[in-house]
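Biologist: I am new to this structure and should be grateful for a close look at one part of its surface. Please then set that part against the interior of the protein.

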Amino acid sequence: MKKSRHFVKYVAMIVLLALPCEKAMAQAESTDTINKPAVLYSAPKRYEIADITVSGIDNYEDYVLIGLSGLTVGQVITVPGDEITNAVKRYWKHGLFSNVSITIEKVVGDQAYLNIALTQRPRLSKLNFNGVKKSEQEDLEAKLNFREGNQITPNMIDRAKIVIKRYYDDKGFKNAEVNIIQRDDVVEKNNLILDINIDKKEKVKVNKIYIAGNSALEEKVLKKAMKKTNEKGYWRDFLRPKKFTENLYDEDKQLLISKYNEHGYRDAHIVVDSVVPFDEKTVDVYIQVEEGNQYHIRSINWVGNTVYESQGLSEVLRMTPGDVYNQKKLDERVQMDDDAIGNLYYNNGYVFARVEPVEINVTADSVDLEMRVFEGPQATINRVRIAGNDRLYENVIRRELMTKPGDLFSRDALMRSARELQQMGHFNPESISPDVKPDYANGTVDVNWMLESKNNDQVEFSLGYGQTGVIGKIALKFTNFSMYNLFHKSDNYRAFIPQGDGQTFSISV
C-alpha cells in the first residue's frame with residue numbers, strides 16, 4: 001500500500017510539472033495567429049473591406065493581382081461568403097498560381113483588412129528532349145509551343161504527353177513511352193527545367209489481316225485496296241508501308257468499302273473490326289464485312305439541262321442502263337475527270353453549274369438515277385490580279401494572258417495562260433496557280449495569278465587550246481532586258497543592266 005501511494009504521488013508530480021510546459025507550447029503556437037479574428041462558419045458576419053495586401057509574389061504589381069480577385073476596398077462582403085470563394089476561384093482559373101489563400105489580418109469595428117497570399121507557378125528555363133532525332137525534336141517543339149519564361153501548369157504537362165504520344169502513333173510507334181521530369185533550376189529562383197524522355201520502342205507493324213464475310217471479291221483484292229495498312233512479309237509489296245496507325249487504318253476501311261461500291265455493292269459495310277496485338281512488334285487486324293446485293297443501273301434521266309441535250313450529256317457520262325452501278329466512276333464522270341460533265345459546263349463560262357446524281361428508286365438489284373443539273377448564268381471575268389512579280393512590268397505579263405476582264409470565263413483559256421507564263425521562264429512553274437474566285441451575286445469571277453519570280457540569266461565561260469594557242473570565250477545572256485530603259489532613266493536596273501520588258505540580250509567575246 002505504501003509503495004502504491006508513493007507511485008500515485010510521483011505520477012501527480014509529473015503531471016503538475018508538465019502542465020506549465022504544455023501551456024507554454026500552446027502560447028508559442030498561437031503567436032502567429034494572435035490578433036487574427038476567428039471565422040465561424042455557423043455565424044457569418046458582414047464587413048467592409050478597409051485594405052487589401054498581397055504577399056508571396058514579387059514580379060507583379062499589387063494592383064494587378066488585386067484586380068484579378070474582383071475584390072475592392074470599400075466593398076461590403078460576408079465572411080464566410082461567396083465573395084471570398086469566387087475570388088479564390090478566379091485565381092485558380094487564371095492558372096498562374098499553385099497556391100491561393102485569402103485571410104483576414106485584423107478587424108476594426110465592422111472593417112476587415114484582407115491579405116491575399118499567392119504562390120506563383122514556376123517558369124520554364126530550359127527544355128530538353130532525350131531519345132529523339134533532331135527533326136522530330138523540331139516537330140515536337142512546334143506542336144508543344146513551350147517557350148522559355150512561360151509558366152508550367154499540370155494541364156500543360158498532361159497535354160504534352162498526349163501530343164507526343166499521338167505524334168508517334170501517327171508514325172507507327174504505338175508503344176512509345178513518354179516521361180516528363182521537372183527539375184528545379186538551381187541558377188534561377190522559381191524556374192524549372194523540363195526533361196522530356198522518350199522511348200519510341202519499335203514500330204508496330206501488321207502481322208496478318210483477316211477478312212471474313214466476303215464472297216463477291218477475293219481477299220487479296222480487298223487487301224490491295226487498303227493502301228496504308230498492309231501485311232508484312234510479302235516481297236511483291238516491299239514498297240508499301242507496313243506500319244499500323246489508327247488514322248490510316250480508318251482511311252483504309254473506307255477504301256475497302258469504296259472498292260465494293262466500284263463493283264455495284266452499294267450496301268456493303270463493315271459489321272465489326274478489331275485490332276489485336278500479335279506480339280510486342282505486330283498486330284493482327286480482323287474485319288467482318290457484309291456485302292449485300294450487286295446493283296445495276298436501270299435508267300438515267302436528265303433534269304434541268306438547257307444548254308446541252310440529254311443525249312449529248314449521256315455520251316459524255318459514258319454510263320448506260322444495264323451497267324454495274326459504279327459509284328466511283330459516276331463521281332469521276334460527273335466532276336473529277338478532265339472531260340467530265342462538270343468541266344464541260346465550266347469550260348464554257350458556267351462556273352456556277354453543278355450536277356447532282358440522285359437515286360430516285362432503288363430495288364433489290366437496280367437503281368434509277370436522276371441527274372439534276374443546275375446550270376446558272378455564264379460568268380464573265382471581272383478582275384485579273386497578279387501577285388508575286390518583282391521582275392517584269394505588269395503589262396508584259398498581261399499580254400501573255402488569255403484571261404482578261406470582260407471575257408467569258410473559260411477553263412481552256414485559264415490553262416493556256418498558265419502554260420504561257422511557264423514558257424516565259426521568269427517564274428517558278430510549280431508555283432503558277434490561278435486562283436478563281438466566283439461571285440454568284442454578280443455572275444462574275446476574279447482570277448488571281450500567284451507567281452514566284454526566278455532569275456534565268458546565263459553566264460558562259462570556256463577555255464581551250466588549239467594550234468593558235470589558248471582560246472577563251474565568255475558569253476552573257478540577259479532574259480529580262482529593256483531596250484527602252486537603256487536610253488531612258490528608270491529605277492528598274494540590276495547593276496548597270498536595264499530590265500523589266502522581258503527582252504533577251506546576248507553578248508559574247
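**A nonpolar patch and the core**

Modeller: F461, L463, Y465, V470, I474 and V509 together make a nonpolar surface patch of about 760 Å². Such a patch joins nonpolar side chains (Val, Leu, Ile, Met, Phe, Trp, Tyr) within 5 Å, and like charges within 9 Å in charged patches, from residues with over 30% relative accessible area and no salt bridge (a side-chain nitrogen of Lys or Arg within 4 Å of a carboxyl oxygen of Asp or Glu). Areas follow the Shrake-Rupley method with a 1.4 Å probe, and for residues only the protein chains shown count as cover.

The model is predicted: local features need pLDDT of at least 70 and side-chain atom pairs count only at pLDDT 80 or more, whereas totals for chains, interfaces and linings use all residues. Residues are numbered from 1 along each chain as its sequence is written, and side-chain values use heavy atoms, with hydrogens and water left out.

Two strands, 17 (458-466) and 18 (469-481), each supply at least two residues of the patch; helices (H or I, at least four residues) and strands (E, at least two) are DSSP runs numbered from the N terminus. Strand 17 gives the most, with three residues. I474 belongs to strand 18, and its relative accessible area of 38% makes I474 partly exposed, between buried (under 20%) and exposed (over 50%), with a 1.4 Å probe and protein chains only.

The wider setting is as follows. The protein has 13 helices and 21 strands, and 35% of its 509 residues count as buried. It exposes about 30,900 Å², of which carbon and sulfur atoms supply 51%. Of the contacts (heavy atoms within 4.5 Å) between residues at least 6 apart in sequence, 59% join residues at least 24 apart.

The interior offers a counterpart to the patch. In soluble globular proteins, nonpolar side chains tend to be buried together. Here the largest nonpolar core holds 23 residues, and L71, F97, I102, L114 and L118 touch the most other members. A core of this kind is a set of buried Ala, Val, Leu, Ile, Met, Phe, Trp, Tyr and Cys residues joined through side-chain atoms within 4.5 Å. Two or more residues each come from strand 1, helix 2, strand 2 (76-79), helix 3, strand 3 and strand 4. Beyond four places in sequence, L118 has contacts that include V54, L65, Y91 and F97.

Helix 2, residues 62-69, shows how one element fits into this region: its buried residues are L65, I66 and S69. Viewed down the helix axis, the buried residues of helix 2 fall within an arc of 100°, so they line one face; the arc is that of the directions from the axis to the C-beta atoms. Y63 and G67 are exposed on the other side of helix 2. The cover over the buried residues of helix 2 includes strand 1 (45-55), helix 3 (82-94), strand 3 (97-108) and strand 4 (111-120). Just after helix 2, G70 takes a positive phi of about 85°.

A further backbone feature belongs to the loop between strand 2 and helix 3, where P80 lies: the peptide bond from V79 to P80 is cis, with omega near -10°.
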